[in-house]
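Here are some short exercises to work through with the viewer open. Try each task on your own before you read its solution.

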Amino acid sequence: AARRSPANAYTDAVVHYVKAMQTPEGYWQTAGSRPPITSDDIITTAMAVNILRVYGPSNTAETGRAANWLESAAATTTQERAFQVLGLAWAKAPRASIDRALQSLIASQRADGGWAQLPQMASDAHATGQALYAMHEGAKLPVTAEAYRKGVRYLMSTQLADGSWHVRTRSLATQPYFESGFPHGRDQFISAHATAWAAMALSYTVDPVRMSLR
């Protein structure tokens, strides 16, 4: 979807599979537990909705059921709150529903301007990048809003000299460790995700540059 690849036989098969895997309640169940990437049903449901939005028929019954479930889901982590905003936006839920989810996400911002993955954890770039991305991409919050500006200041103050952000892993190891080349050793995979989220969030604050072939 990010590459704007057109629909084909493969995406048609994926859409068919995703529609068949929806629960009667309207959500999709996550298949694994490797937090934070696969750890909750809200992110799984939001991503399934995005698949149907991009590659499936619009305004399907599946999307409507998902929107109803997302609206009533109890989000307790930053990732859940962020993807509740995104999922509702992708499902074209009423603006009031998106705004309620947005306010819940903003309310969980820490005094340092960042967001934490879990209530008992400190702020980090992974949670902060996700929150800012969802606020702007999903809820269309301007980057000039105070909550967004505070989040940007947090990210800029915690970026390391090599351009990355270091976030400690909280996932139990499920496979032998291997070195990918990204910094931070055994924390490199969550740190790579965190750096990507942070970079996307910061990119919204940069004025586009017009390139000339001359």
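The exercises below deal with a predicted model, and each task is followed by a stepwise solution.

**Exercise 1: an arginine without a partner**

Task: Find out where R81 lies and which side chain makes a polar contact with the side chain of R81.

Solution:
- Start with the location: R81 belongs to helix α4, which spans residues 78-90.
- Next, look for a charge partner. R81 is buried but has no salt bridge, and the nearest side chain of opposite charge, E80, is 6.9 Å away.
- Compare that distance with the cut-off: a salt bridge needs the nitrogen and the carboxyl oxygen within 4 Å, so a separation of 6.9 Å does not qualify.
- Now turn to polar contacts. The side chain of S104 makes one with the side chain of R81, at 3.3 Å.
- Finally, list the surroundings. Leaving aside residues up to four places away in sequence, R81 touches A75, T76, S104, L105 and S108.

**Exercise 2: counting and placing salt bridges**

Task: How many salt bridges are there, and which residue forms one with E71?

Solution:
- The count comes to four salt bridges; three of them are taken up here.
- E71 pairs with R100, and their closest N and O atoms are 2.8 Å apart. This pair links distant parts of the chain: E71 sits in helix α3 (residues 61-72) and R100 in helix α5 (residues 95-107), 29 residues apart.
- As for solvent, E71 has a relative accessible area of 37%, so it is classed as partly exposed.
- D99 forms a salt bridge with R95, with the closest N and O atoms 2.7 Å apart. Because D99 and R95 are four residues apart in helix α5, about one helical turn separates them.
- Both of these residues are partly exposed: D99 has a relative accessible area of 29%, and R95 is at 40%.
- E146 pairs with R153, the closest N and O atoms being 3.2 Å apart. Here E146 is partly exposed at 47% relative accessibility, and R153 is partly exposed at 44%.

**Exercise 3: backbone geometry**

Task: Which peptide bond, from P35 to its successor, is cis or trans, and what sign does phi take at K140 and H184?

Solution:
- Keep the background in mind: most residues other than glycine have a negative phi, and most peptide bonds are trans.
- The peptide bond from P35 to P36 is cis, its omega being near 0 degrees. P36 is found in the loop between α1 (9-21) and α2.
- K140 is not a glycine, and its phi is positive, near 60 degrees. K140 is in the loop between α6 (125-138) and α7, and its relative accessibility of 55% makes it exposed.
- H184, also not a glycine, has a positive phi of about 90 degrees. H184 lies in the loop between α7 and α8 and is partly exposed, with a relative accessible area of 21%.

**Exercise 4: the loop between α7 and α8**

Task: Which residues form a nonpolar surface patch with Y177, and which residues does S171 touch?

Solution:
- Place Y177 first: it is in the loop between α7 (146-158) and α8 (188-203).
- Y177 forms a nonpolar surface patch with F178 and F189, and together they have about 280 Å² of accessible area.
- Check the patch criterion: a member needs over 30% relative accessible area. Y177 has 34%, which also makes it partly exposed.
- S171 is in the loop between α7 and α8 too. Setting aside residues up to four places away in sequence, S171 touches R34 and P35.
- To see the sequence separation, take I37: its C-alpha atom is 9.3 Å from that of S171, although the two residues are 134 residues apart along the chain.

**Exercise 5: the surroundings of D41**

Task: Where is D41 placed, and how many ångströms separate its C-alpha atom from that of T195?

Solution:
- D41 is in helix α2, which covers residues 41-55.
- With a relative accessible area of 22%, D41 is partly exposed.
- Not counting residues up to four places away in sequence, D41 touches Y27, W28, Q29, T30 and W69.
- The C-alpha atoms of D41 and T195 are separated by 24 Å, and the two residues are 154 residues apart along the chain.

How values were computed. Residues are numbered from 1 along each chain as its sequence is written. This is a predicted model: local features need pLDDT of at least 70, side-chain atom pairs count only at pLDDT 80 or more; totals for chains, interfaces and linings use all residues. Side-chain values use heavy atoms; hydrogens and water are left out. Helices (H or I, at least four residues) and strands (E, at least two) are DSSP runs, numbered from the N terminus. Buried means under 20% relative accessible area, exposed over 50%, partly exposed in between (1.4 Å probe, protein chains only). Lys and Arg count as positive and Asp and Glu as negative; His and the chain ends are not counted. A polar contact is a pair of N or O atoms within 3.5 Å; within protein, one must be able to donate a hydrogen and the other to accept it, and residues adjacent in sequence count only if both atoms are side-chain atoms. Contact means heavy atoms within 4.5 Å. Patches are made of residues with over 30% relative accessible area and no salt bridge: like charges are joined within 9 Å, nonpolar side chains (Val, Leu, Ile, Met, Phe, Trp, Tyr) within 5 Å. Accessible areas come from the Shrake-Rupley method with a 1.4 Å probe; for residues, only the protein chains shown count as cover.
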